[in-house]
Amino acid sequence: MREIAQKMPFGYEPPKDEHKGTLVYYDSFQHVTDRELDVAAYTAKDRSFSKLVLYPLHEQSVKRMSKDEVSPFHKREDRLHEWRHDRGETNVIVERLEIKRKKYTPIDTALRHLAETYPKPLFLLLSGDMANLFASFSSFEEWIVKIRLLLTEEPSKLHPRLLQYKHRWEPIVKKD
């Protein structure tokens, strides 16, 4: 059999990858419902992100940040894996940095890890309360110019820094 050489027409450029960046859902996932996870997956697809990273927080991180009680990390992580499997999501990753460290992980350390590991630009999906908490940290102003925020809902009372950087975030679910 004779091999047929394939030629590219002059000026041919390969198609560009339309998927760019990473959407990171940063939460304890203690009270996040399957519907909220579905909205996050839909947002990642709708906005053409190459990956959706679910970043569950270690119990120590949650305790330091919000004083809320949470179930053990492995139970919350198993639930996320189960959701991903049930939906057949291939571009969803459950990040394990917190369980590798086995202790409190400052958000700066988490963001540095995410920025080094996943494709840019980096978008952080947060609840309204978590966004207010993130805005209260001293490193917020350093990070907000490097990342964008998407909020699951707009908080009723905004932190002053969130107001100052209103152009760097938006809610994904609009209030009617």
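**Exercise 1. Work out which residues cover the two faces of β4, and whether they are buried or exposed.**

Step 1: Take one side of β4, where you find Leu122, Leu124 and Leu126. Step 2: Flip to the other side, which carries Phe123 and Leu125. Step 3: Both sets are buried, where buried means under 20% relative accessible area, exposed over 50%, and partly exposed in between (1.4 Å probe, protein chains only). Step 4: Check against the whole strand, residues 122-126: five of its five residues are buried.

A quick note on the model: it's predicted, so local features need pLDDT of at least 70 and side-chain atom pairs count only at pLDDT 80 or more, while totals for chains, interfaces and linings use all residues. Numbering runs from 1 along each chain as its sequence is written, and side-chain values use heavy atoms, with hydrogens and water left out.

**Exercise 2. Find the strands that pair with β4, and the residues matched with leucine 124.**

Step 1: Strands (E, at least two residues) and helices (H or I, at least four) are DSSP runs numbered from the N terminus; two strands pair if DSSP finds at least two bridges between them. Step 2: β1 (residues 22-27) pairs with β4 in the parallel sense, over four bridges. Step 3: β5 also pairs with β4 in the parallel sense over four bridges. Step 4: Zoom in on leucine 124: it's the bridge partner of valine 24, and it stands opposite leucine 149 in β5.

**Exercise 3. Locate glutamate 153 and say which surface patch it helps form.**

Step 1: Glutamate 153 sits in the loop between β5 (148-151) and α8 (160-164). Step 2: Its relative accessibility is 34%, so it counts as partly exposed. Step 3: Together with Glu36, Asp68, Glu69 and Asp129, Glu153 forms a negative surface patch. Patch residues have over 30% relative accessible area and no salt bridge, and like charges are joined within 9 Å. For the salt bridge, read a side-chain nitrogen of Lys or Arg within 4 Å of a carboxyl oxygen of Asp or Glu.

**Exercise 4. Place arginine 112 and give its C-alpha distance to tryptophan 143.**

Step 1: Arginine 112 belongs to helix α5 (residues 107-117). Step 2: With a relative accessible area of 42%, arginine 112 is partly exposed. Step 3: Tryptophan 143 is 31 residues away from arginine 112 in sequence, yet 9.6 Å away in space, C-alpha to C-alpha.

**Exercise 5. Sum up the chain.**

Step 1: Count elements: eight helices and six strands. Step 2: The C-alpha trace spans about 70 × 35 × 35 Å along its principal axes. Step 3: Of the 176 residues, 43% are buried.

Conventions
Patch = residues over 30% accessible without salt bridge, like charges linked within 9 Å, V, L, I, M, F, W, Y side chains within 5 Å. Areas by Shrake-Rupley, 256 points an atom, 1.4 Å probe, with all protein chains shown as cover. Lys, Arg positive; Asp, Glu negative; His and termini not counted. Charge placed at Lys NZ, Arg CZ, Asp CG, Glu CD.
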